[in-house]
Amino acid sequence: MGSRRQVLRIFKSLHRTRQEVFKNDTRALEAARQKINEEFKNHHDETSEEKINELLKIASDVEVILRTSVIQAVHTDSNKIVLVPRKDLLQDNTPYFEKPTKKHES
């Protein structure tokens with residue numbers, strides 16, 4: 001019964017991530033929804049604990065990749081695309097120091 005709970009948890013997590021990552025892009029939202037549902041439906045009758053754990057790992061990895069690597073882009077005209085990063089993707093830029101000073105050494 002524990003694996004059923006894990007499956008439901010990752011299923012919901014994938015859908016929440018999908019909604020956040022593809023916000024305001026109805027075509028991508030729908031495509032991701034269909035793909036998530038299709039993959040879970042295809043493996044609905046899986047009984048092997050080993051295979052279920054493998055599928056849960058894949059689903060978890062997909063969720064992490066979506067959350068950390070996917071960025072939206074919007075066509076503004078025929079030659080321009082504007083990237084729309086989510087706040088959780090933005091990171092502080094760490095400057096490169098060729099010769100570290102005492103202040104910057106670890």
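In this predicted model, Asp61 and Lys57 are four residues apart in helix H3, so about one helical turn separates them. The two form a salt bridge in which the closest N and O atoms are 2.8 Å apart. Asp61 is partly exposed, because its relative accessibility of 31% lies between the limits of 20% for buried and 50% for exposed.

A second pair in helix H3 repeats this spacing: Arg67 and Glu63 are also four residues apart, about one turn of the helix. Their salt bridge has its closest N and O atoms 2.8 Å apart. The two partners fall into separate classes of accessibility. Arg67 counts as partly exposed at 33%, whereas Glu63 is buried, with a relative accessible area of 8%.

Helix H2 holds a further pair, Glu30 and Arg33, three residues apart and again about one turn of the helix. The closest N and O atoms of this salt bridge are 2.6 Å apart. Glu30 is partly exposed, with a relative accessible area of 31%, and Arg33 is partly exposed at 32%. The three pairs described here are among the six salt bridges counted in the model.

The helices that carry these pairs also contribute to the nonpolar core. The largest such core has 12 residues, namely Ile10, Leu14, Val21, Phe22, Ala28, Leu29, Ala32, Ile36, Ile52, Leu56, Ala59 and Leu66. Helix H1 (2-21), helix H2 (26-42) and helix H3 (49-69) are the elements that each give two or more residues to this core.

Two core residues show what surrounds them. Apart from neighbours within four places in sequence, Ile10 is in contact with Phe40, Leu56, Ala59, Ser60 and Glu63. Of these, Glu63 is the buried partner in the salt bridge with Arg67. Leu66 lies in helix H3 and is buried, at 16% relative accessible area. With the same sequence neighbours set aside, the contacts of Leu66 are Leu14, Thr17, Val21, Phe22 and Arg86. Between the C-alpha atoms of Leu66 and Arg27 the distance is 16 Å, across a sequence separation of 39 residues.

Past helix H3, the loop leading to strand E1 (72-77) contains Ile71. This residue counts as partly exposed, with a relative accessibility of 37%. Together with Ile81 and Leu83, Ile71 makes a nonpolar surface patch of about 280 Å². The cut-off for a residue to enter a patch is over 30% relative accessible area, so Ile71, at 37%, meets it.

The chain as a whole has three helices and two strands, in the order α-α-α-β-β from the N terminus. The radius of gyration is 20 Å, well over the 13 Å that the globule rule gives for 106 residues, so the chain is more spread out than a compact globule. Along the principal axes, the C-alpha atoms fill a box of roughly 60 × 45 × 15 Å.

The remaining totals concern burial, surface and contacts. Of the 106 residues, 20% are buried. The accessible surface is about 9,100 Å², with 52% of this area belonging to carbon and sulfur atoms. Among contacts between residues at least 6 apart in sequence, 46% join residues at least 24 apart.

Note on methods: Residues numbered from 1 in each chain as written. Predicted model: local features only at pLDDT ≥ 70, side-chain atom pairs only at ≥ 80, totals over all residues. Heavy atoms only, no water. Core = buried A, V, L, I, M, F, W, Y, C linked by side-chain atoms within 4.5 Å. Buried < 20%, exposed > 50% of the residue type's maximum accessible area, 1.4 Å probe, protein only. Contact = heavy atoms within 4.5 Å. Patch = residues over 30% accessible without salt bridge, like charges linked within 9 Å, V, L, I, M, F, W, Y side chains within 5 Å. Areas by Shrake-Rupley, 256 points an atom, 1.4 Å probe, with all protein chains shown as cover. Salt bridge = Lys/Arg side-chain N within 4 Å of Asp/Glu carboxyl O. Rg over C-alpha atoms; globule rule 2.2 N^0.38 Å.
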